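Let's walk through this model together, starting at the surface and then moving inward. Have the viewer open as you read.

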Amino acid sequence: MKHVLIALLRAYRAVISPLYGQVCRYHPSCSAYALGAVQEHGSLRGSWLAVRRLGRCHPWAAGGYDPVPSRSRPPRSGAAATSSQQGA
């Protein structure tokens with residue numbers, strides 16, 4: 001599924017996106033963001049991040065630099081994290 005989404009996004013960027021020109025308020029553009037999100041996070045989470053980004057893209061948005069979040073997460077807190085650390 002991930003490869004299908006990547007192919008569709010690349011096709012959109014090659015064929016349809018140039019017709020609009022540079023109109024995106026954010027950097028990277030929404031299509032570049034979606035492509036990066038799917039490549040970085042996979043089809044499900046990457047699609048969710050892309051939909052959230054599209055929801056933020058409207059005429060009243062301030063725009064600016066908005067990179068795809070990295071995969072790394074902070075360590076979990078709670079009993080599960082402390083029990084695994086104690087055993088090490």
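Before we look at the surface, one term: a nonpolar patch here is built from residues with over 30% relative accessible area and no salt bridge, where nonpolar side chains are joined if they come within 5 Å. Keep in mind too that what you're looking at is a predicted model.

With that in hand, find Tyr12, Val15, Ile16, Leu19, Tyr20 and Val23: they form a nonpolar patch on the surface, and together they have about 650 Å² of accessible area. Two elements give two or more residues each to this patch, namely α1 (2-15) and α2 (17-20). Take Leu19 as an example, which sits in helix α2. Is Leu19 buried or exposed? Its relative accessible area is 72%, and the cut-off for exposed is over 50%, so Leu19 counts as exposed.

Now zoom out to the whole chain. There are five helices and two strands, and going from the N terminus their order is α-α-β-α-α-β-α. The chain has 88 residues, of which 22% count as buried. It exposes about 6500 Å², with carbon and sulfur atoms supplying 60% of that area. As for contacts with a separation of 6 or more, 70% of them are between residues 24 or more positions apart.

Next, the inside, beginning with α3. This helix covers residues 30-41, and its 12 residues should span 16 Å at 1.5 Å a residue; the end C-alpha atoms are indeed 16 Å apart, so the two values agree. Its buried residues are Cys30, Ser31, Tyr33, Ala34, Leu35, Ala37, Val38 and His41. What covers them? The cover includes α1, α2 and α4, so to speak the neighbours to switch on in your viewer. Just past the end of α3, Gly42 takes a positive phi of about 95°.

That brings us to α4 (43-56). With 14 residues, α4 reaches 20 Å from its first C-alpha to its last, close to the 20 Å expected at 1.5 Å a residue. Which residues of α4 are buried? They are Gly46, Leu49, Ala50 and Arg53. Because these residues cover an arc of only 100° around the axis, they end up on the same side of α4. Look at the other side of α4 and you'll find Leu44 and Gly55, which are exposed. The cover over the buried residues of α4 includes β1 (26-27) and α3. And since α4 is in turn part of what covers the buried residues of α3, the two helices each appear in the other's cover.

Methods
Residues are numbered from 1 along each chain as its sequence is written. This is a predicted model: local features need pLDDT of at least 70, side-chain atom pairs count only at pLDDT 80 or more; totals for chains, interfaces and linings use all residues. Side-chain values use heavy atoms; hydrogens and water are left out. Helices (H or I, at least four residues) and strands (E, at least two) are DSSP runs, numbered from the N terminus. Buried means under 20% relative accessible area, exposed over 50%, partly exposed in between (1.4 Å probe, protein chains only). Contact means heavy atoms within 4.5 Å. Accessible areas come from the Shrake-Rupley method with a 1.4 Å probe; for residues, only the protein chains shown count as cover. Patches are made of residues with over 30% relative accessible area and no salt bridge: like charges are joined within 9 Å, nonpolar side chains (Val, Leu, Ile, Met, Phe, Trp, Tyr) within 5 Å. A salt bridge is a side-chain nitrogen of Lys or Arg within 4 Å of a carboxyl oxygen of Asp or Glu. The expected span of a helix is 1.5 Å times one less than its number of residues. The arc is that of the directions from the helix axis to the C-beta atoms.
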